[in-house]
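Me: I should like to request a close look at a single part of a protein model, set out formally for a first-year student. Please begin with that part and then connect the discussion to the rest of the chain.

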Amino acid sequence: MAKHEELPVPVFKSLEGVYGSGSQLEEAELRFKKLKSKFTEFFGHAPDIYARSPGRVNLIGEHIDYEGYSVLPMAIRQDTIVGIRKVEGGEKVLRIANVNSEKYSLCTYPADPEQEIDLKNHRWGHYFICAYKGFYEYAKSKGIDVGETVGLEVIVDGVVPTGSGLSSSAAFVCSSTIAVMAVMGASFPKKELAQLTCDCERHIGTQSGGMDQAISVMAQSGFAALIDFNPIRAAEVQLPAGGTFVIAHSLAESQKAVTAATNYNNRVVECHLAAIVLGIKLGMSTEEAVAKVKTLSDVEGLCVSFAGKHESSDPVLAVKEFLKEEPYTAEDIEAIINEKLQTVFANSFSSLDVLKVAKHYKLHQRAAHVYSEAKRVYAFKDTVSSDLSEEDILKKLGDLMNDSHYSCSVLYECSCPELEELVKISRDNGALGARLTGAGWGGCAVALVKENIVPQFILNLKVSYFHSHRKISPNKHGTGHEPPLCYVSGTIFPIKNRQRGDRQK
């Protein structure tokens, strides 16, 4: 029997197979009815195919996927739906509409997979073009003939709030890729689709590591997943009963693509430089380190070997020994690696954008976070499968989440005042652990709460946080829904009754 990630994207003939029954199904039926109606309003007929992909919440393992380390997310109910129709003959254009047509106007692009995305002129339709370009690039690389390009009519509806840290952009890109794949008559295994969609989103200028796309594509109903990389694969993780993950929006929007040069991509560059410097300090030639070392996982073996000489296996020992805590200037690093930073990153325009605005580089802190966070992921997984009592399991999971947040906040500096306040209020009101989730710099926090106090916990959050943070941030990539003041419906996840992660076409 084929492994889950080797299977194709499932095809459903009814919504029950995706959304189950009850209120979730009723909500889905209303959404699909509205989407079909809006598609007909725009284009004069119904879509040929619908595709969906869910958002996700990352339980632990932040900012380490692009360094080659495993992460532990799970899919959520909130998703993005794309309706699509192939247009034979006539002008070859891509017409992309939004259910929220009053706010997000129709976008038109040429049906040209080679087109460049204008990153200086951000449009919500760019995310669909990421998927469109990525599909054709992948098909070409595999020698798959999908015929001549044709016009496409598209409509989008998403309920993963943008800037929330719940992967609204990945849900948009994944559902769009699946839609294009299906309407063009192709079918790729899930693991290939996960890698393809990761590559897709890089067209928007973000150096994504692949977690968001992998869980959106490969999630299984009822499970979290341990996502490994190189190659991408997923292993189901059954979480214990007795606790609930509550996701709360800080209402500070995380503009991941817009602020990439100073935030997200900046950290990717810092980790790359930290890895090169560690490689050189641990015995690699400068030429070899610059040419071969890309991520901190590339030099972990050298770090562990060094730690072994000190009766330890912790790579952070090498970080403490060889990377100074004070920020490095570009000149400091160039003196060590014997190369200009612009030369190191000559083939990465997004990294060159980082170099233009960066004043210094905190190599010690970034490497210490990555190595310690990678260990926490496996400690989390080992804990849920241990023989500890339910009480002890939940306490240890909470402690790991708290340690993760501290590392994200202090070492990786990807938190913000709103998230710090929300995490503190969550802990003060009984959360066993609470941490930012997603890229950070805004978005959501996730808290582990005992099941029997969830209603009171949510009420306390409303009173202590949301009543004083009544603001709505603008929606950046046009999935059509603003974040609510307090996340309740659909964002409370009992560990014993997790949400489904299948897609529908």
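Does tryptophan 441 count as buried or exposed, and what is its relative accessibility?

Reply: The model under discussion is a predicted one. Tryptophan 441 counts as buried, because its relative accessibility is 17% and the cut-off for a buried residue is under 20% relative accessible area. Tryptophan 441 is found in the loop between β9 (433-437) and β10 (444-450). Its backbone also deserves attention: although tryptophan 441 is not a glycine, its phi is positive, at about 55 degrees. Most residues other than glycine have a negative phi, and most peptide bonds are trans.

Histidine 63 may be considered alongside this residue. Histidine 63 has a positive phi, near 60 degrees, and is likewise a residue other than glycine. It belongs to the loop between β1 (49-60) and β2 (72-87). With a relative accessibility of 4%, histidine 63 counts as buried.

A further backbone feature concerns the peptide bond itself. Asparagine 230 and proline 231 are joined by a cis peptide bond, for which omega is about 5 degrees. Proline 231 is located in the loop between β6 (224-228) and β7 (233-237).

From the loops, the discussion may turn to the interior. The largest nonpolar core has 152 residues, and Phe128, Leu152 and Phe380 are those with the most contacts inside it. Helix α7 (residues 264-281) provides the largest share of this core, namely 11 residues. A second, separate core has 15 residues, including Leu25, Phe43, Tyr50 and Ile81.

Leucine 152 illustrates how contacts can join places distant in the sequence. When its neighbours within four places in sequence are left aside, the residues in contact with leucine 152 include Ile84, Val93, Leu94, Phe128, Tyr132, Val180 and Val183. Arg85, Lys86 and Arg95 are also among the contacts of leucine 152.

Cysteine 107 offers another example. This residue lies in strand β4 (residues 107-110) and counts as buried, at 3% relative accessibility. Not counting residues up to four places away in sequence, cysteine 107 touches Leu94, Arg95, Ile96, Arg123, Trp124 and Gly125. The C-alpha atoms of cysteine 107 and valine 154 are separated by 9.7 Å, while the two residues are 47 residues apart along the chain.

The helices come next. Two packed helices are described by the angle between their axes and the distance between the axes. Helix α7 packs against α14 with the axes 9 Å apart and at an angle of about 95 degrees. The two helices, α7 and α14, are therefore roughly perpendicular to each other. On the side of α7, the contact is made by Arg267, Glu270, Cys271, Leu273, Ala274, Val277 and Leu278. On the side of α14, the contact is made by Leu363, Arg366, Ala367, Val370 and Tyr371.

Helix α14 (residues 363-384) has 22 residues and reaches 32 Å from its first C-alpha to its last, close to the 32 Å expected at 1.5 Å a residue. This helix is mostly covered, for 17 of its 22 residues are buried.

Helix α4 (residues 168-183) takes part in other packings. Its axis and that of helix α5 (residues 190-201) come within 10 Å and cross at roughly 120 degrees. Helices α4 and α5 are therefore oblique to each other, and their crossing is right-handed. Among the residues that make this contact are Ser169, Ala170, Val173 and Cys174 of α4, together with Leu193, Leu196 and Thr197 of α5.

Helix α4 also packs against helix α6 (residues 211-218), at an angle of about 55 degrees and with the axes 9 Å apart. That angle makes α4 oblique to α6, and α4 passes α6 in a right-handed crossing. Here Ala170, Ala171 and Cys174 of α4 meet Asp212, Gln213, Ser216 and Val217 of α6.

Two residues with other degrees of exposure complete the account. Glutamate 26, in helix α2 (residues 23-43), is exposed, with a relative accessible area of 51%. Glutamate 26 and glutamate 16 are 10 residues apart in sequence and 9.8 Å apart in space, C-alpha to C-alpha. Glycine 301, in helix α9 (residues 300-308), is partly exposed, with a relative accessible area of 47%. The C-alpha atoms of glycine 301 and serine 313 are separated by 9.7 Å, and these residues are 12 residues apart along the chain.

Conventions. Residues numbered from 1 in each chain as written. Predicted model: local features only at pLDDT ≥ 70, side-chain atom pairs only at ≥ 80, totals over all residues. Heavy atoms only, no water. Core = buried A, V, L, I, M, F, W, Y, C linked by side-chain atoms within 4.5 Å. Buried < 20%, exposed > 50% of the residue type's maximum accessible area, 1.4 Å probe, protein only. Helix = DSSP H or I, 4+ residues; strand = E, 2+ residues; numbered from the N terminus. Contact = heavy atoms within 4.5 Å. Expected span 1.5 Å × (residues − 1). Axes fitted to C-alpha atoms, helices over the stretch in contact; angles between N-to-C directions. Parallel < 35°, antiparallel > 145°, perpendicular 65-115°, else oblique. Left-handed = near helix turned anticlockwise from the far one by under 90°.
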